[in-house]
Every structure is written in C-alpha cells, then in structure tokens.
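Here are some notes from going through the model, point by point. Have the structure open while you read.

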Amino acid sequence: TGTFTVQADNIEDPAGNTLGGGLASGIVQGFLPLDVGGPTVLGSSFSCVPGEIDVFAGGADIWGASDQGHLTLTPRYGDFDIHAQVQSLTRVDAIAKAGLMVRENTNANSRTLHNLVNPPVTSAGRDLGESGQRPHAGAATALVPGSLSYYPVGIPDAWVRIQRRGSLYITYRGWDGVNWIEVGRMNLGYPDPVLIGLATTAHN
C-alpha cells in the first residue's frame with residue numbers, strides 16, 4: 001500500500017542485450033511525490049515503514065520567487081493539524097532543507113507556507129529552522145510574521161508542525177512531538193483544497 005517511485009536502468013536480458021530502463025511512480029502513504037521547478041537532479045519518495053517516508057531530492061532552493069525541489073503532497077479541505085519529525089538530513093549543502101509545506105498549487109511560484117529545517121551542525125550544516133511564506137504567486141518568500149528569526153533545531157529531535165484554523169495558519173517547532181513552541185501565525189486566503197505534505201531541497 002502507499003505510493004512509490006522505482007527507477008531501473010541498464011537492464012539486460014539473459015543474452016546480455018541492454019533493454020534500457022524506465023521510471024514508475026505512485027502514491028506513498030496517501031501522498032503524491034513530485035518534483036517542482038525542474039530540478040536537474042530528480043527526486044523520489046518511498047516508504048518501507050508505516051508512518052515514515054524517505055525522500056531523495058535535488059533542487060536549488062525553497063525560497064525566493066519560486067521553488068525547486070521534491071514535494072510529497074496530498075489535498076486537504078478545511079482545518080488540519082500536521083506535524084513531522086525530521087529524523088535525518090544529509091548535508092549536500094549547509095542550507096539543504098526538509099520539513100512541512102502548504103501550497104496553493106504545484107506551480108513552482110505558487111503561494112506557499114513552509115516550516116523547514118537544515119542539516120545538523122555535526123555535519124557542518126546550518127542547524128536552523130525557518131518558517132516562511134510566499135504571499136502571492138511569484139512574490140519573494142519572507143519569514144512568517146511573528147517568527148522574528150531563524151530558530152535552532154537539532155536533528156534527529158527536530159519536529160515541525162503547521163496548524164490551520166479557518167483562515168489562520170500557525171507554525172510550531174518542537175523536540176519531542178508533544179511539546180510545541182509557536183513560531184509564527186498569519187491569516188491566509190487559500191481556497192480549498194490546499195496541498196499539504198513534505199518539502200525537500202538540496203539547495204545546490
């Protein structure tokens with residue numbers, strides 16, 4: 001059950017003839033994996049353990065006027081409260097990012113709200129989290145009002161959360177999945193359904 005992406009290359013028949021390869025994709029635990037912004041290195045998502053999703057992503061960044069990376073999303077109507085633990089994040093760049101995102105659509109320049117973390121300091125990462133939003137399609141991304149600055153995380157104890165109550169969206173950070181510190185909040189006029197789920201970028 002769930003979604004998947006499988007790529008097979010350099011397949012040979014018993015006589016040693018190369019048959020080429022192919023890519024198959026599907027849903028991972030109810031989430032649809034897709035690349036956004038045309039990254040040079042394509043991403044994928046898969047799950048071998050219920051409740052856990054492994055993500056491989058390329059991409060320049062999730063910031064600025066548009067995003068480039070790998071998303072694992074599902075549509076959601078009405079109020080919601082989602083949280084995730086970033087258990088690990090390989091340092092391909094000090095500002096690689098992984099965490100949660102809300103999007104209006106799958107266009108690279110879509111309106112967005114995100115709550116993402118960077119690789120740990122033990123791997124020379126920035127070891128910070130950011131709660132950002134793009135107010136209009138193609139507009140510059142900025143920190144969520146009230147968040148003031150980037151916040152310390154500490155993978156593997158890096159938990160992120162986004163809550164929706166009507167038009168009010170609240171982002172939180174945590175360390176155990178139980179206790180939470182509010183990062184910021186804002187009113188957003190997103191139409192239903194919104195797309196919610198995981199967002200990852202290599203930032204290189």
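1. A definition before the strand talk: two strands count as paired if DSSP finds at least two bridges between them. With that in hand, take Gly99, whose bridge partner in β17 is Ala199. Do bear in mind throughout that this is a predicted model.

2. The overall picture: the protein has 17 strands and 0 helices. Of its 204 residues, 42% count as buried. If you look at contacts with a separation of 6 or more, 58% of them come from residues 24 or more positions apart.

3. Back to β9, which covers residues 97-103. This strand runs antiparallel to β17, with 7 bridges joining the two. It also runs antiparallel to β10 (residues 112-117), this time through 6 bridges. On the β10 side, Val102 stands opposite Leu113. Is β9 enclosed or open to the outside? 7 of its 7 residues are buried, so the rest of the structure largely encloses it.

4. Thr200 is worth a click while you are in this area. It lies in strand β17 and has a relative accessibility of 11%, so it counts as buried, the cut-off being under 20%. Leaving out residues up to four places away in sequence, Thr200 touches Val55, Ala57, Gly58, Ile62, Gly69, His70, Lys97 and Ala98.

5. Next, the open sheet. It has 4 strands in the order β8-β14-β15-β16, and the pairing is antiparallel. The edges are β8 and β16 (180-187), each of which pairs on one side only. On average, neighbouring strands in this sheet are turned by 15° against each other, direction ignored. For a closer look, try β15 (residues 168-174) and β16, which pair in the antiparallel sense over 7 bridges. In that pairing, Arg173 has Ile181 of β16 as its bridge partner.

6. Within the same sheet I'd pick out Ala158, which is found in β14 (residues 158-165). How accessible is Ala158? Its relative accessible area is 1%, so it is buried, with the cut-off at under 20%. Apart from neighbours within four places in sequence, Ala158 is in contact with Ala84, Gln85, Val86, Val117, Val153 and Gly174. Pro120 is 38 residues away from Ala158 along the chain, and their C-alpha atoms are separated by 9.7 Å.

7. Now the largest pocket, which holds about 970 Å³ of space. Which elements give two or more residues to its lining? They are β5 (54-56), β8 (80-86), β9 (97-103) and β17 (194-201). Among these, β17 gives the most, with 6 residues.

8. Who sits where in that pocket? Its lining has 35 residues, and Ile53, Asp54, Val55, Gln85 and Leu198 lie nearest the centre. By type, the lining divides into 19 nonpolar, 13 polar and 3 charged residues. Two of those central names have come up already: Val55 is touched by Thr200, and Gln85 is in contact with Ala158.

Notes:
Residues numbered from 1 in each chain as written. Predicted model: local features only at pLDDT ≥ 70, side-chain atom pairs only at ≥ 80, totals over all residues. Heavy atoms only, no water. Buried < 20%, exposed > 50% of the residue type's maximum accessible area, 1.4 Å probe, protein only. Contact = heavy atoms within 4.5 Å. 1 Å grid on protein atoms, 1.4 Å probe; cavity = no way out; pocket = protein on both sides within 12 Å on 5 of 7 lines; lining within 4 Å. Points joined across faces, edges and corners; volume = space filled by probe spheres on them. Nonpolar A, V, L, I, M, F, W, Y, C, P; charged D, E, K, R; others polar. Axes fitted to C-alpha atoms, helices over the stretch in contact; angles between N-to-C directions.
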